[in-house]
Amino acid sequence: MSEVNKELYKSKIGGQALIEGVMMSGVKKGAMACRLPSGEIDLEVWDKKPVTAWYRRTPIIRGLFNFGSSMKEGYRCLMKSAEKQMDDEEAQEDEKLSDKAVSAIMSVAMVIGIVIAVGLFVILPKKLVPLIHPLTANRILQSFAEGILKIILFILYLSATLLMKDQRRTYEYHGAEHKTIACLEAGLELNVENVKKQRRFHPRCGTSFIFITLIISILVMCMVPFREPWLRVVSSLILLPVMVGISYELIRIAGRYTNTFTRIISAPGLWIQRLTTREPDASQIETAIAAIKPCIPENPEEDKW
């Protein structure tokens with residue numbers, strides 16, 4: 001690696017755990033590497049278009065759009081990683097579906113996921129909190145109660161996913177993704193031994209982003225004057241872009257700098273990552289390394305914040 005890489009720096013490369021694989025997204029390239037049932041690593045690399053639109057570059061406003069773009073790319077890679085785990089018979093059946101049919105199924109699944117998330121983290125807390133009358137004495141207390149209930153539900157949801165064997169495997173790949181990025185940022189050669197030594201927690205993790213959004217929602221909802229549940233639900237949905245925008249900027253700051261402020265805002269998310277990451281094995285680390293290498297630009301300065 002170059003002399004620049006020997007110094008600790010903050011990389012712009014982000015990633016996502018897939019089914020038996022890892023997706024990485026860099027400045028100019030994106031890549032996904034999956035461990036096939038045969039044991040081989042399947043690698044796909046694609047060019048990334050430069051971000052030029054004003055709404056994807058303007059602070060606060062860019063949060064919702066960039067988050068949506070990342071979700072779309074991540075979901076596409078997740079579906080492709082699932083297809084790569086199919087046996088020949090399943091693959092033949094899948095080929096019978098048209099691209100439009102597959103796209104429709106993916107869209108429906110995404111909509112169902114959004115509906116469940118809104119119901120669980122937006123509507124349910126605002127319906128349950130008023131059942132305990134003292135918690136609605138004032139809007140600040142009500143907002144904190146709703147927020148704490150959201151966080152509890154989020155932690156319970158993540159804890160429940162640990163009961164699924166396949167999800168635990170995905171969390172191991174999540175750990176491999178984080179440790180590989182940390183190895184790159186440490187300026188070390190990307191090999192299994194060096195990656196193993198890294199922490200599996202990273203401040204720019206999507207889990208941390210969601211957790212910070214839940215905390216920001218408490219502060220934002222404290223400014224909403226309504227106490228009626230349905231009005232608070234509507235207000236929460238209207239203000240969601242603001243919450244996401246603020247959280248996105250905080251995650252960027254946490255990924256770019258290391259100081260007392262960033263340690264404080266990163267701490268809750270890093271703790272939650274104890275649920276969503278697991279220590280990876282050598283084969284999972286090899287897969288993450290295969291995914292990140294195409295995303296590293298020739299000029300290291302392009303990857304630095």
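Two strands are taken to pair if DSSP finds at least two bridges between them. In the predicted model described here, strand β2 (residues 21–25) and strand β3 meet this criterion in the antiparallel sense, over five bridges. Within this pairing, G21 has C34 of β3 as its bridge partner, and the two strands form a hairpin in which three residues lie between them. Strand β3 also pairs with strand β4 (residues 41–47), again in the antiparallel sense and over seven bridges. Here A31 stands opposite V45 of β4, while G30 has W46 of β4 as its bridge partner. The strands β3 and β4 likewise form a hairpin, with five residues between them, and G39 in the turn adopts a positive phi of about 100°.

These pairings belong to an open sheet of four strands, arranged in the order β1-β2-β3-β4 with antiparallel pairing. The edge strands are β1 (14–18) and β4, each of which pairs on one side only. On average, and with direction ignored, neighbouring strands of this sheet are turned by 15° against each other. Strands of a sheet pair through backbone hydrogen bonds, which may be set in a parallel or an antiparallel arrangement. As to burial, six of the seven residues of strand β3 (residues 29–35) are buried, so that β3 is largely enclosed by the rest of the structure.

At the level of the whole chain, ten helices and four strands are found, and the elements run from the N terminus as β-β-β-β-α-α-α-α-α-α-α-α-α-α. Of the 305 residues of the chain, 41% count as buried.

Helix α1 (residues 61–83) contains 23 residues, for which a rise of 1.5 Å a residue gives an expected span of 33 Å; its end C-alpha atoms lie 35 Å apart, which agrees with that expectation. The buried residues of α1 comprise R62, G63, N66, E73, G74, Y75, C77 and S81, a list in which the charged residues R62 and E73 appear beside the glycines G63 and G74.

Helix α1 is also connected to the sheet through a side-chain contact, in that K80 and E44 meet in a salt bridge with an N to O distance of 2.6 Å. This pair links distant parts of the chain, K80 being located in helix α1 and E44 in strand β4, 36 residues apart. Because its relative accessibility is 25%, K80 counts as partly exposed, and E44, with a relative accessible area of 21%, is partly exposed as well.

In total, the count of salt bridges comes to 15. One of them joins K28 to E302, with the closest N and O atoms 3.2 Å apart. Since K28 lies in the loop between β2 and β3 and E302 in the segment after α10 (282–292), this pair ties together parts that are 274 residues apart in sequence. Both residues fall in the intermediate class of accessibility: K28 counts as partly exposed at 48% relative accessibility, and E302 counts as partly exposed at 29%.

A further salt bridge is formed between K29 and D47, whose closest N and O atoms are 2.4 Å apart. This pair links K29 in strand β3 with D47 in strand β4, distant parts of the chain that are 18 residues apart. The two partners are placed in separate accessibility classes, for K29 counts as partly exposed at 32% relative accessibility, whereas D47 is exposed, with a relative accessible area of 57%. In addition to these pairs, E20, R169, E172 and D281 are linked in a network of salt bridges.

Finally, the surface carries a nonpolar patch formed by I140, F144, I148, I152, L156 and L219, which together present about 560 Å² of accessible area. The largest share of this patch, five residues, comes from helix α4 (residues 139–161), while L219 is placed in helix α7 (residues 206–221).

Key. Residues numbered from 1 in each chain as written. Predicted model: local features only at pLDDT ≥ 70, side-chain atom pairs only at ≥ 80, totals over all residues. Heavy atoms only, no water. Patch = residues over 30% accessible without salt bridge, like charges linked within 9 Å, V, L, I, M, F, W, Y side chains within 5 Å. Areas by Shrake-Rupley, 256 points an atom, 1.4 Å probe, with all protein chains shown as cover. Salt bridge = Lys/Arg side-chain N within 4 Å of Asp/Glu carboxyl O. Buried < 20%, exposed > 50% of the residue type's maximum accessible area, 1.4 Å probe, protein only. Expected span 1.5 Å × (residues − 1). Axes fitted to C-alpha atoms, helices over the stretch in contact; angles between N-to-C directions.
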